[in-house]
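Let's take a walk through a protein chain together. Keep the picture in view as you read, and try to find each part as it comes up.

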Amino acid sequence: IDEESGYNKNLFRIPKHYEEDLERVFIPHGLILDRTERLARDIMQDMGSHHIVALCVLKGGYKFFADLLDHIKTLNQNGDKSVPVTVDFVRIKSYCVRNFLFFGKLTLLIFLSNLNDNLFFYLFQDIIETELYFLADTGFEIPDKFVVGYALDYNEYFRDLNHICILKENAKEKYRM
């Protein structure tokens, strides 16, 4: 993916208190929702009648997780087949933003593991270093930049943005804890 791709932030509604802190909108909210719906359809297609255990890694994955489960619920209610889904949450702190220790090629992901013949486990995490995990389905690949929005944060700020945006390097000091 071209690291300079994205959209001019002036084309979108951005809260005024964040306007000066963002380089650009990398993934608009509408595109996120469209991709999430496609992932839900793919999951339903792949599952057949198997039980899905959905595990959300908090906090950055919660919006993606909730939106994806809403699409799965809609498909369960309106489709030709229905798949049982159980939901759980886990919180893991995998990096320390305060000291700027975690950077790298990151990916929004869904992780799939077949636990037995009738149960599939999906782990929904916000961002990962791609070389660390096997990816069953990837939502979006993002550049080697620090992204925020759509529940992705920098020291708990920016979770309230609808879009995934690239944070300006010089804005990090402003939100440093």
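Start with β1 and β8: these two strands run antiparallel, and 4 bridges join them. Strand β8 covers residues 164-167, while β1 covers 22-27. If you want one spot to zoom in on, look at Val 25, which stands opposite Cys 165 in β8. Keep in mind that what you're looking at is a predicted model. As for what holds such neighbours together, strands of a sheet pair through backbone hydrogen bonds, and they can do that either parallel or antiparallel.

Which strands sit at the edges of this sheet? The sheet is an open one of 3 strands, in the order β1-β8-β7, with antiparallel pairing. Its edge strands are β1 and β7 (147-148), since each of them pairs on one side only.

Now zoom out for a moment. The chain has 2 helices and 8 strands. Follow the sequence along and you'll meet them in the pattern β-α-β-α-β-β-β-β-β-β. Take the contacts between residues at least 6 apart in sequence: 66% of those join residues at least 24 apart. Of the 177 residues in the chain, 44% are buried. On the outside, the accessible surface comes to about 9,500 Å², and carbon and sulfur atoms account for 49% of that.

Back to the details, and to a residue worth a stop. Arg 159 has its place in the loop between β7 and β8. Is Arg 159 buried or exposed? Its relative accessible area is 14%, so Arg 159 counts as buried, because the cut-off for buried is under 20%. What's around it? The side chain of Arg 159 makes a polar contact with the side chain of Glu 156, at 3.2 Å. Leaving aside residues up to four places away in sequence, Arg 159 also touches Lys 59, Gly 60 and Lys 63, along with Tyr 150, Ala 151, Leu 152 and Asp 153.

Last stop: a pocket. The second largest pocket holds about 150 Å³ of space. Which part of the chain gives the largest share of its lining? That would be helix α1 (residues 29-47), with 3 residues. To trace the lining yourself, find Arg 41, Met 44 and Gln 45, then go on to Leu 75, Gly 79, Asp 80 and Lys 81.

Technical notes: Residues are numbered from 1 along each chain as its sequence is written. This is a predicted model: local features need pLDDT of at least 70, side-chain atom pairs count only at pLDDT 80 or more; totals for chains, interfaces and linings use all residues. Side-chain values use heavy atoms; hydrogens and water are left out. Buried means under 20% relative accessible area, exposed over 50%, partly exposed in between (1.4 Å probe, protein chains only). Contact means heavy atoms within 4.5 Å. Accessible areas come from the Shrake-Rupley method with a 1.4 Å probe; for residues, only the protein chains shown count as cover. Two strands pair if DSSP finds at least two bridges between them. A polar contact is a pair of N or O atoms within 3.5 Å; within protein, one must be able to donate a hydrogen and the other to accept it, and residues adjacent in sequence count only if both atoms are side-chain atoms. On a 1 Å grid over the protein atoms alone, a cavity is a set of points where a 1.4 Å probe fits but cannot get out, and a pocket is an open set with protein on both sides within 12 Å along at least five of seven lines; lining residues have an atom within 4 Å of a point. Grid points are joined across faces, edges and corners, and a volume is the space filled by probe spheres set on the points.
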